[in-house]
Amino acid sequence: MKTASELAAEQAAFWDGPGGSMWLAAYERRIERQIAEFGRQLMVAAAPQAGESVLDVGCGTGQTTLALARAVGPTGSALGIDISRTLIGVARTQVLANLRYEVLDAATHAFAPAAIDLLFSRFGVMFFGDPVAAFANLRRALKSAGRVTFLCWRSAAENPWQRLPIQAAAPHLPPMPRPGPGEPGPFAFGDRDHVQGILAKAGFADVSFQPVDGTLVLGHDVADVTEGLRRFGPLARVLTEVPATDADKALAAVALALQPHVGPQGVALPGAAWIVQARPA
């Protein structure tokens, strides 16, 4: 079993390397569109107020941080952080007087204590190598009256947008590596009790979970979706390691599985997330 430091190092190496580059090349704009409604509901729940200081964890290319900076206004501030130099480089093209982006590790950085009103994250906190230690570190940055609001995917079983293509391709590919219990990954926070336990151990109380259900449009047609799956994500990593004939068979199976989900908007599948909120204990 890998240690927390090994898991954290793997995530940093991926997002600061091939992951960040592939994200920009293949998926950033597409995923921004797919998760827009989830993000809108998160922003409503977080309710950033004028004059507040906000920390956006795992900000990626910074769209959420920019929205937060506008919401808190010139008397407030928004800091977006990410471990990927590639993504932060893009984020820094967005400029406001009260907006900053930094490359740093939320789990270990020595933040100024009791300086933040709102700790915010859109699908960023599920990738911590040691989530208890990471949230404990972030709690120290929060004011005593501060709050945390983040968005995370529920279980893989509740998210066919990712589960269906992987299941369809599986018979034609070698076994795909899956995160072990407690290891970082997109669905690491899918279990409500697990997340509740992490936050309690990290020093948070009044934890609440708001289910958010929606539809993700994966692409304008099946060919568009399969091309995207070839270029980024868990399937892409496996497809590059198998003979071309096997990769083609896997993608053909995915195309067949996606066909019933083609509609007026494109290829659409359900998604399910939590909006999680808490306060320092």
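**Helix packing and aromatic contacts in a predicted model**

Good morning. I begin with A46, which is buried, with a relative accessible area of 1%. Please keep in mind throughout that this is a predicted model. A46 is found in helix α3, which spans residues 36-46. Leaving aside residues up to four places away in sequence, A46 touches L118, F120, R147, T149 and Q277. There is also a long-range approach to report: the C-alpha atoms of A46 and V148 are separated by 7.9 Å, although their positions lie 102 residues apart along the chain.

The next residue to consider is A47, in the loop between α3 and β1. Which sign does the phi of A47 have, positive or negative? It is positive, at about 50 degrees, although A47 is not a glycine. As background, most residues other than glycine have a negative phi. A47 has 32% relative accessibility, so it counts as partly exposed. A second alanine belongs in this part of the talk. A114 is not a glycine, yet has a positive phi of about 50 degrees. A114 is found in the loop between β3 and β4, and with a relative accessible area of 47% it is partly exposed.

I turn now to the aromatic residues. Rings are paired here when their centres lie within 6.5 Å, and by this rule the count comes to 11 aromatic pairs. One of them is formed by F38 and W153, with 5.4 Å centre to centre and 70 degrees between the planes, an edge-to-face arrangement. F38 belongs to helix α3 and W153 to strand β5, so this pair links distant parts of the chain, 115 residues apart. Are F38 and W153 buried or exposed? Both are buried.

A further pair consists of W161 and F187, which is tilted, with 6.3 Å centre to centre and 50 degrees between the planes. W161 lies in helix α7 and F187 in the loop between α7 and α8, so the pair ties together parts that are 26 residues apart in sequence. W161 is buried, with a relative accessible area of 15%, and the reason for that label is the cut-off of under 20%. F38, F123, W153, W161 and F187 form one aromatic cluster.

W161 brings us to helix α7, residues 160-169. Seven of the 10 residues of α7 are buried, so this helix is largely enclosed by the rest of the structure. The buried residues are P160, W161, Q162, L164, P165, A168 and A169. What covers them? The cover includes the strands β5, β6 and β8, together with the helices α9, α10 and α11.

Let me take α11 from that list. Helices α7 and α11 pack at an angle of about 135 degrees, with their axes 8 Å apart. They are therefore oblique to each other, and α7 passes α11 in a right-handed crossing. On the α7 side the contact is made by L164, P165, A168 and A169, which meet A250, A253, V254, A257 and L258 in α11. By class, this contact has nine nonpolar, no polar and no charged residues.

Helix α11, residues 244-258, also packs with helix α9, residues 222-231, at an angle of about 140 degrees and with the axes 10 Å apart. Why is this arrangement called oblique? Angles over 145 degrees would count as roughly antiparallel and 65 to 115 as roughly perpendicular, so α9 and α11 are oblique to each other. This crossing, with α9 passing α11, is right-handed. V222, V225, T226, L229 and R230 in α9 meet D248, L251, V254, A255 and L258 in α11. The residues of this contact divide into seven nonpolar, one polar and two charged. V254 and L258 appear in the contact with α7 and again in the contact with α9.

I close with helix α6, residues 131-141, where P131, A134, F135, A136, N137, L138 and A141 are buried. A general point helps in reading such a list: an α-helix has 3.6 residues a turn, so residues three or four places apart point the same way. The buried residues of α6 pack against the strands β1, β4, β5 and β6 and against helix α8. Strand β5 has thus come up several times: it holds W153, it helps to cover α7, and it packs against the buried residues of α6. Thank you for your attention.

Conventions
Residues numbered from 1 in each chain as written. Predicted model: local features only at pLDDT ≥ 70, side-chain atom pairs only at ≥ 80, totals over all residues. Heavy atoms only, no water. Axes fitted to C-alpha atoms, helices over the stretch in contact; angles between N-to-C directions. Helix = DSSP H or I, 4+ residues; strand = E, 2+ residues; numbered from the N terminus. Parallel < 35°, antiparallel > 145°, perpendicular 65-115°, else oblique. Left-handed = near helix turned anticlockwise from the far one by under 90°. Contact = heavy atoms within 4.5 Å. Nonpolar A, V, L, I, M, F, W, Y, C, P; charged D, E, K, R; others polar. Buried < 20%, exposed > 50% of the residue type's maximum accessible area, 1.4 Å probe, protein only. Phe/Tyr/Trp six-rings, centres within 6.5 Å; stacked < 30°, edge-to-face > 60°.
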